[in-house]
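Student: Hey, I've just opened this one and don't know my way around. Can we go through it together?
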Amino acid sequence: MREAGFSVDATGDGEEGLWYARSNDFDVVILDLMLPGIDGWTILERLRGEGSEVPILILTAKGAVEDRVRGLDLGADDYLTKPFALDELLARLRVLLRRRYKVRNPTIAVADLEIDTARQRVTRAGEAIELTAREYALLHYLALRRGEVVSRSEIWEHIYEFDSSASSNVVDVYISFLRKKTEGPDRPRLIRTHRGRGYSLEAPE
Amino acid sequence: MRPPSLRRRLILGVGAALIGVVVAFSATVLTVAHRSLTSGLDRSLEAKARALIGLFTYDDDTFEFEYVPALSPEFQRDEAPQYFQVWINNRCVARSRSLAGGDLPRSDGALELPDGRPGRLRVVSTNRVRVDHEADGPPPFKLTVAVARDDGPIAEPFQRLAALILFAGLAFAALSTLLAAAVVRRGLAPLQRLGKDIEKLSADALEPRLPDLVALEETGALVGKLNDFLDRLAAVRGRERAFSSDVAHELRSPLAALYATIEGALTRERSAEDYAAALEEAERLARPLISMVDMLLGIARLERGGSAEPLESIDLTELVEACWQSHAEEAERRALSFVNVVPAGLSIKSRPDMLILVFSNAFKNAVAYADQGGDLRAEARVDGEGLVLRLSNSGCRLNDEELALVFESFWRGDKARTRAGENFGLGLALVRKIMDQLGGRARAKGEDGRFILELSLPAGGA
């Protein structure tokens, strides 16, 4: 999943997982039902009971119809049974991401910049742009929230793992790298700096 | 189960060695003595054989043996007799009465005598005998005389000698082992005292240091090393205590200001604008605190070790330039100039996020502490061991002692710590930790009024 560009915080303990979900603004929670500590059903009920709207995908070996119905009725957004194909999991995650950020099309376009989220390919004016995994994750996140001002801490939380050493400088440097690769004399600026607030990805005026 | 004892090992070792030496020495002495005694006996038998040869006379192809038995009672007696036999050209011509018609072997050495006693035999052959008239050439015969007797003359003294040596050897070994035990006990006494002194130490009581036993080469070296270790441990404990105190100190002032801002806003009903201003002020005060905590967490995570970040090929010139941009505004405010002479196209395989943290903190430090209107410079070279990046700034006022402390957490050049704000003295500590994680090294030095931070990375990348 990291290779696919996601930043992943994982735990095998139910209590810890619930704490993670409450403490951080995750884009998606992948929830196993059979967890030590407290089980997935309880976590699901508590999160939805507290008003959390984080997209939740249940990933479990419990494949009976009644289990799937129960999970979806308790508030899960999707249900995938084991064994599963990794590609299918990734595709379902991308669906939940698009839904979260109200993006219908798997290809996000901002001016002449296109991000094919299914293939993780970026082009500008039809020309392919090679990005590192981190650069892609940053651009993808800005694109999901295109037009909005995204703070450095929001960027950090979404593209870095919980256990990383935080630094706003790192975000600034990666913005600089992205600009260098996606912008130029004949490529108008798409990433705008909002002093003291953050960055946004939007078509030039 | 009792652990092995050094004292027991030493005593047993010394005792076994002494016993080994005694046994070897005794065996040598006994062997030499036996050979000497045997050789003496053989010489006496040979003399007797030659004396018997001297009794032979040769004349006109006949021999005359002028042997008078009464003159050689040793060959006649019934009790422990001696034996002789004579051959001329392999034909027995005479034998002692004691042989009783039997034969002696014709080779030297040990043998069993006809009466069963162990004995020695000596054989002498010659063709030189007394002749009555002048002969033409040597007589055409070979005269062989064998004389044998019991080995009593050597057995008895040899047994006495062996007993004496055995007794002396055992006594020597026993006394030596006792002496060795006493010496070992005395020799190990300093170690036992050392053990007792170490027992008195604890994590919170590392004084006094262990007594300096330099009079003894081995324990002197050991105690020296232990005391060095205790010094380092005490320094770590001191830094731990100082760290807790430093964290509390650094947090107290901004937290107090933050609290005062919030408390002030809540004292009475205020306008929306006043609340917004208070919140903005609170956010401004909280931001450096979050930054400090993030850096402390970063240092702690690095000390735990292990980074999951994959290696990537990084353009160093671009990275340095990008990291500089975050500090360009502050540098402009302080009228600082920056020269980037990192060679274009220089790349390295490393972990980009970690390097960004390194350079960002290095630049932050340099911009904060360079003199107003001064300059910063970034340069790099590649040598046989890897990449060396130098970031220097003008306005260095640190002496050698202070330069050695720049990587310590919360240490800052200005002792009064008046230049607070976002400079908590953690940046270079984080730099060093990250460089250690990357398999590289961070060094600081002062040259010609410049502070130089030298970052080395291995050639293989990290």
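Tutor: Sure, let's start with a loop: B:Asn89 sits between β3 (83-88) and β4 (91-95) of chain B. Keep in mind that this is a predicted model.

Student: Okay, what is the phi of B:Asn89 near?

Tutor: Phi of B:Asn89 is near 50°, which is a positive value in a residue that isn't glycine.

Student: And is B:Asn89 buried, partly exposed or exposed?

Tutor: B:Asn89 is partly exposed, because its relative accessibility is 42% and that class runs between 20% and 50%.

Student: Where does B:Ala100 lie?

Tutor: B:Ala100 is in the loop between β4 and β5 (109-112) of chain B. B:Ala100 also has a positive phi, about 55°, although it is not a glycine. With 69% relative accessibility, B:Ala100 counts as exposed.

Student: New topic: rings. How many aromatic pairs are there over all chains?

Tutor: A search of the whole structure turns up 11. One of them is A:Tyr174 with A:Phe177, whose ring centres are 5.7 Å apart.

Student: Why is the pair of A:Tyr174 and A:Phe177 called edge-to-face?

Tutor: Because their planes are at 90°, and an angle over 60 degrees counts as edge-to-face.

Student: Where are A:Tyr174 and A:Phe177 in the chain?

Tutor: Both are in helix α7 (residues 168-182) of chain A, 3 residues apart, or about one turn of the helix. A:Tyr174 is buried at 3% relative accessible area, and A:Phe177 is buried at 11%.

Student: What about chain B, how do B:Phe56 and B:Phe65 pair up?

Tutor: That aromatic pair is stacked, with 4.3 Å from centre to centre and 15° between the planes. B:Phe56 is buried at 2% relative accessibility, while B:Phe65 is partly exposed at 24%.

Student: Which residues form one aromatic cluster with B:Phe56 and B:Phe65?

Tutor: B:Tyr67, B:Phe75 and B:Phe84 join them in one aromatic cluster.

Student: Switching again: which peptide bond is cis, with omega near 0°?

Tutor: The one from A:Lys82 to A:Pro83. You'll find A:Pro83 in the loop between β3 (78-81) and α4 (86-100) of chain A.

Student: Last thing, charges. Which residues form a positive surface patch?

Tutor: B:Arg2, B:Arg7, B:Arg8 and B:Arg185 form one. Of these, B:Arg185 is in helix α2 (residues 152-199) of chain B.

Student: How exposed is B:Arg185?

Tutor: B:Arg185 is partly exposed, with a relative accessible area of 45%. That is enough for a patch, because patch residues need over 30%.

How values were computed
Residues numbered from 1 in each chain as written. Chains lettered and ligands numbered in written order. Predicted model: local features only at pLDDT ≥ 70, side-chain atom pairs only at ≥ 80, totals over all residues. Heavy atoms only, no water. Patch = residues over 30% accessible without salt bridge, like charges linked within 9 Å, V, L, I, M, F, W, Y side chains within 5 Å. Areas by Shrake-Rupley, 256 points an atom, 1.4 Å probe, with all protein chains shown as cover. Salt bridge = Lys/Arg side-chain N within 4 Å of Asp/Glu carboxyl O. Lys, Arg positive; Asp, Glu negative; His and termini not counted. Charge placed at Lys NZ, Arg CZ, Asp CG, Glu CD. Helix = DSSP H or I, 4+ residues; strand = E, 2+ residues; numbered from the N terminus. Buried < 20%, exposed > 50% of the residue type's maximum accessible area, 1.4 Å probe, protein only. Phe/Tyr/Trp six-rings, centres within 6.5 Å; stacked < 30°, edge-to-face > 60°.
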